[in-house]
Amino acid sequence: MKSVDKINIKFQLLKVKICGMKFNIQKISNLFPDFMGFIFYPNSPRFVGFDFVIPKLKKEILKIGVFVNESEENILKIKRKNQLDFIQLHGTESPFYCESLFKKGLKLIKVFRVNDFFHFKKVVNYIPFCAYFLFDSNTIYYGGSGKQFCWKKLHEYTFQVPFFLSGGIGMQDFDTIKNFSHPKIFGIDVNSRFEIFPGKKDDIKLNAFIKKIRNL
């Protein structure tokens with residue numbers, strides 16, 4: 001199997017990914033996050049709609065489309081329409097499904113929901129096709145739950161694919177982030193803890209958070 005060409009990553013600078021964008025998109029883009037995520041899952045309160053077109057962002061910001069068990073046809077259509085840089089798969093998508101998208105030239109972020117009983121061997125068959133993993137809390141929701149999992153569990157992760165840390169991260173977690181160390185952590189994914197209401201982010205809180213992360 002062909003492996004994903006990995007970017008040469010400098011782990012000392014954590015990336016910031018703001019997910020669940022729907023409103024005040026331009027204002028948040030002025031904060032220059034590294035990634036912005038847009039949810040194309042109809043059951044999410046942050047669903048942007050399948051006909052949604054992402055407004056023009058700062059050129060440095062990478063655009064992520066978030067999908068849950070969506071058809072390849074829809075993903076490819078939305079990817080082309082919005083010129084998405086990455087596809088985030090938040091459902092029960094199989095390695096075969098990821099392989100198919102990968103062979104069509106898509107860059108993938110696969111989400112895994114982690115609890116105390118999670119075995120990281122579950123990620124092995126996804127490794128050749130994913131640029132990044134994202135580790136989130138194991139809840140009944142597909143993200144945006146505001147719940148955290150025990151980050152110590154991540155010390156069991158020993159593979160080479162870099163990952164985003166997600167799951168109920170807020171400003172109050174900065175010191176924990178500062179003291180958390182893992183050779184493959186790539187970025188911090190934030191959503192519900194920085195919202196005024198679903199889909200509308202608090203630019204003041206996000207600005208402060210991004211500055212603190214970049215000053216680490």
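**Helices packed around an eight-stranded barrel**

The buried residues of α3 are covered by elements that include α2, β4 and β5, where contact means heavy atoms within 4.5 Å. Helices (H or I, at least four residues) and strands (E, at least two) are DSSP runs, numbered from the N terminus. All of this comes from a predicted model, in which local features need pLDDT of at least 70, side-chain atom pairs count only at pLDDT 80 or more, and totals for chains, interfaces and linings use all residues. Residues are numbered from 1 along each chain as its sequence is written, and side-chain values use heavy atoms, with hydrogens and water left out.

How far can the model be trusted? pLDDT is the predictor's confidence in each residue, from 0 to 100. Its mean over the protein is 91, and 91% of the residues reach 70 or more. Residues 1–11 are another matter: pLDDT stays under 50 there, and the model gives this stretch 26 contacts beyond four places in sequence.

Now for the overall picture. The protein's secondary structure adds up to five helices and ten strands. Eight strands form a closed barrel in the order β1-β2-β3-β4-β5-β6-β7-β8, with parallel pairing; two strands pair if DSSP finds at least two bridges between them. Neighbouring strands of this sheet are turned by 30° against each other on average, direction ignored. Helix α3 packs on the sheet, touching β4 and β5, and its direction makes about 160° with that of β5. Helix α5 (residues 203–214) packs on the sheet too, touching β1 (15–18) and β8 (185–190), with about 160° between its direction and that of β1. For these angles, axes are lines fitted to C-alpha atoms, for helices over the stretch in contact, and angles run from 0 to 180 degrees between N-to-C directions.

As for size, the C-alpha atoms fill a box of roughly 45 × 40 × 35 Å, taken along the principal axes. The radius of gyration is 16 Å, which agrees with the value near 17 Å for a compact globule of 216 residues. That radius is taken over C-alpha atoms, and the globule rule is 2.2 Å times the number of residues to the power 0.38. Buried residues make up 55% of the 216 residues; buried means under 20% relative accessible area, exposed over 50%, and partly exposed in between (1.4 Å probe, protein chains only). Of the contacts with a separation of 6 or more, 61% come from residues 24 or more positions apart.

Strand β4 (residues 86–89) makes a good place to zoom in. In a regular strand the side chains alternate between the two faces of the sheet. Here both faces are covered, with F86 and Q88 buried on one side and I87 and L89 buried on the other. On one flank, four bridges join β4 to strand β3 (residues 62–67), and the two run parallel. F67 stands opposite L89 in this pairing. With strand β5 (residues 108–114), β4 pairs in the parallel sense over three bridges, and Q88 has I109 as its bridge partner.

Two helices link these strands. Helix α2 (residues 72–82) sits in a right-handed β-α-β unit with β3 and β4, and helix α3 (residues 95–103) does so with β4 and β5. Right-handed means that, with the strands pointing away from the viewer, the path from the first strand over the helix to the second runs clockwise. In α2 the buried residues are I75, L76, I78 and N82, and they pack against β3, β4 and α3. In α3 they are P95, Y97, C98, E99, L101 and F102. G105 follows α3 and has a positive phi, near 90°.

Most residues other than glycine have a negative phi, and most peptide bonds are trans. Q83, in the loop between α2 and β4, goes the other way with a phi near 50°; this residue is exposed, with a relative accessible area of 61%. F32 also has a positive phi, about 55°, and lies in the loop between α1 (25–29) and β2 (35–39). F32 is partly exposed, at 37%.

Finally, there is F133 in strand β6 (residues 132–137). F133 counts as buried because its relative accessibility is 0%. Residues in touch with F133 include I109, F112, Y126 and F163. Strand β6 pairs in the parallel sense with β7 (residues 163–165) over three bridges, where F135 has L165 as its bridge partner.
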